[in-house]
Amino acid sequence: MKGLPIALLLFVGVGPVVAGFMGTVLGGLSASAWHELLLEPGLPIAALLAIGTGVVSTLIALTLAHVAVAVAFSRLRHTTLRLAALPTLATPHVAIAIGLVLLLSPSGLVLRALSPWATGFEQPPDWATVQDSLGLALTLGLIVKEVPFLILVLLGALSQVPASRLVTQGRVLGYGVFKTWFVAVAPLLQRQARFATAAVLVFGLTNVEMSLALGPTTPPTLSLLVWSWFTDANLATQSKAYAGALLLLLISVAVVGLVAGMATSVVRQRWQAWATNGDRVPSLNLDGMAARNASRVALGLGGAALGALLIRSVGGTWRFPSVWPAQLSIAAWTQGISDMQRAVTASVTVGLAATVIAIGIVLAVAEALHDSPLARRRLAVLLFIPLVIPQMAFLFGMQTMLLRLHLDGTWCGVLWSHLLFVLPYAWVVLAEARAQLSPGYRIVSRTLGAGPVTTWVRILLPQLLRSILIAAGLCFAVSMALYLPTQFAGGGRIVTVTTEAAVAMSSGDLRSAASYGVMQALLPLAVFAVTAGVSRRLFTHRQGMPT
Amino acid sequence: MRSLLRHWRTTAFLACAALCQTAGAAQGNVDWAAVEKAARGQTVYFDAWGGDAAINRYIAWAGDVVQRRYGVKLVLVKVTDIAEAVTRVQAEKAAGRTTGGSVDLMWINGENFASLKAAGLLYGPWVDSLPHARLLDASDPTQRTDFTLPTAGLEMPWGGARFTLFYDGAAIKTSPPRDPQALLAWIRAHPARFTYPQPPDFIGTSFLKQMLLLLAADAARLQQPVSSDFDVVTQPLWTWLDAAHPHLWRSGRAFPRSSPEQRRLLGDGEVDWLLAFNPSEAARAIRARELPDSIRGVHFAQGALGNSHFLAIPFNSSASAAARVVANFLLSPAAQARKSDIAHWGDPTVLAMAALTPAERALFGTGGRDAASPAPGPLLLEPHPSWTPALERAWSLRYGAR
């Protein structure tokens, strides 16, 4: 009986990845394909770009997230930080990227606001402030998008770390807030967040949607190259694409392995030396730290990008250097209303279904495995595969699988592809939350004669409710943002707000792209607002409930 | 070169007439009423480039009409490049799906048609059996040959296209450059104000072909497939691009991804030029408030690269009857007139005005030209499709990775 939910979880969450991965390997194992691939002009630069932007953005985002969490903890401002992180977290990558283009490009809002009075520019300067050849804009975009995600992951992990006790001990021993936090608390938090960090790193290395808007074009990042080969009508280019997807996988595994190796060797030694050197430097004060302001800027840029989207979606002709469009026009909203309705319906139905199914399956498995930490850890590794290997490495193969099952281009096919990415997030939030519940409640309830179902519904479920609500918001936001999986499984027939935004973006129709981007942000925010409201209502008069 | 500089209205009529006869005879008489009966209740998944809101709205309008009139449901499947749909049809063939394919109607031309035709993945011939096929302009050489390949009734002409350059009349007040050397001189004198979409974008590659047709020593050579003389034939193009690139927008290190993206750059004032295949592009965009009304269009004096774009039905479509009904509707004078209206799309019609009744002709308006569209000029025919991937690859080797 216990095995049934676990088998279901593996079938739904891991099966397609394995099948898809096999398909990619079979497609990419040809000498001529690799020969073609290695002859591709600019391949080394494209690979270096992917590695550089992915690694740098992850390291900076991780640092900023830790600092933000440390500051919030020292001032008991978790809720404020969580709220500040939400808008950008809820806004999918495509929308943030488009918003940043509207903000930072030479004809973007920032330079418009400064021109011509401060800069003297009557025409936009020929500056590569986006799509620069070093990938700096892409790195910035990834940081802006990943800082809020990592903040939420770290905040979530706080409950599993005795942070208050450690901080008090550190302070009693005479260490400053900063050193106490980074020596005693941060390593424990990071241990909890290691899968999430790996997911961020791999996404940075292999994403398509952000480099489409912000990345360089001559050459683009490796992932964009591979993506363009997959959509080429020429069959010879297709096998090159499979080989490219495998190369992307190899690079990801190597980089993640290298970073993990460094973290457990060099970095750990340095950290331990720092922890035990006895220095108590009070001047290392959190208040004065540039990093703290940097994390504010990162969160602020996300919000500003959203604002830029909103303005552009209602702007008509808009010559530089006017700060405001010459005419306002709601044409992008009204003319596309039927398309918008179709896309919103698909996004919401798939998102809600994926959320409910994922939470249901995970709760059942978490119940079955609540006292087997080893099994939970092993399962977590399996579930995280879709997040820590490049999406392209298995999505193409998975498309073939759906084709054979006659599920391609169907709502169910898209739902399944979304579950692959939603399940691990549901697992992260709920499996640990269930395992942390004190076993006493269950034992007492059973002793008093309640059956297992009654015990779960009356005693355990209320304690899990807050985690379930958090998981629901997160799962919906994840589903909302998925681009490549929707594109592959939906084959263009199932259209979501995110695929519409990407189509409009890739063809340069910024007005439509902006209107879809705004919608992309609003839907998950609405779900977050609902879950937060429910949570507040339910728990206002209950003390000591697990958070 | 001279051989290509014929006025397009009078070109190649004889060759086409011969093709028409054979194709028409092969398709015989189809009972159209039976086709419409079979179409009722079917759903047509129409894969088309979905990057332009105006075009999407036009297709949505057509969908409403065919639903009302023929009981056919038309679903637009937006793709960023129609090659995605070609890939899907190929994947379905590989997976053994010979019926119930995911694509019923697709908007293609050029190398995508060539690869589908070569692999036998197209339904038909079907075009000449359409009631409205007799209205097609038989004198237009781009309608019966697609990038030099005979269409053989496997794809239906839907719209015409002439490669057009648009410039900002507020920035360029004298007469605009109309040949490669004058354009190069302008680019040098105005750094960072000219650019083109990055090949393999459709418009970007078309720009390469347009320039090559103007610059090549023997442009007639381009009508034959690519062979070992590629480097010799294309050398003048690379010389021109090498001279121009340092003075382009972003010094030629970055390019817009598409023509609509360049339209945004022009609208925001980042560049002074826009390249497009639709001569009415600017007129429509001005109406839609996407561009200021100072934009003007121009063709190269030697001639504009011209082609038609087509509709085709994949071999495994289960709704081929409904797809033909939709195609026939899109060819009707009413649908073609609405398509050529800049209030909706502004895409040139493929119908012969002489074949229409006076009432039908009246649908197309007075024929007066708007200020933003160039006067029709000479036509340059598309090169053989094998030049497209060859040019794209050579471009990416030279400029794609710096």
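**Reading burial, fold and interface in a predicted model**

Mentor: This is a predicted model. Arg194(A) counts as partly exposed, because 13 C-beta neighbours lie inside 10 Å.

Trainee: Why does Arg194(A) count as partly exposed, rather than buried or exposed?

Mentor: A residue is buried with 20 or more other C-beta atoms within 10 Å, and exposed with 12 or fewer. Arg194(A) has 13, so it falls in between.

Trainee: In which element does Arg194(A) lie, and how far apart are Arg194(A) and Arg77(A) in space?

Mentor: Arg194(A) belongs to helix α11, residues 194-206 of chain A. Its C-alpha is 24 Å from that of Arg77(A), with the two positions 117 residues apart in sequence numbering.

Trainee: How many helices and strands does chain A have, and what share of its residues is buried?

Mentor: Chain A contains 27 helices and zero strands. Of its 547 residues, 52% are buried.

Trainee: How should the radius of gyration of chain A be read?

Mentor: The value is set against that of a compact globule, which for 547 residues would be near 24 Å; chain A has 24 Å, so the two agree. The C-alpha trace spans about 75 × 60 × 50 Å along its principal axes. Among contacts with a separation of 6 or more in chain A, 82% join residues 24 or more positions apart.

Trainee: How many residues of chain B are in contact with chain A, and which element gives the largest share?

Mentor: In chain B, 56 residues are in contact with 46 residues of chain A. The largest share on the chain B side, eight residues, comes from α4(B). By class, that side has 21 nonpolar, 15 polar and 20 charged residues.

Conventions: Residues are numbered from 1 along each chain as its sequence is written. Chains are lettered from A and ligands numbered from 1 in the order in which they are written. This is a predicted model: local features need pLDDT of at least 70, side-chain atom pairs count only at pLDDT 80 or more; totals for chains, interfaces and linings use all residues. Helices (H or I, at least four residues) and strands (E, at least two) are DSSP runs, numbered from the N terminus. The radius of gyration is taken over C-alpha atoms; the globule rule is 2.2 Å times the number of residues to the power 0.38. Two residues are in contact if their C-beta atoms, placed from the backbone, lie within 7 Å. Ala, Val, Leu, Ile, Met, Phe, Trp, Tyr, Cys and Pro count as nonpolar, Asp, Glu, Lys and Arg as charged, and the others, Gly among them, as polar.
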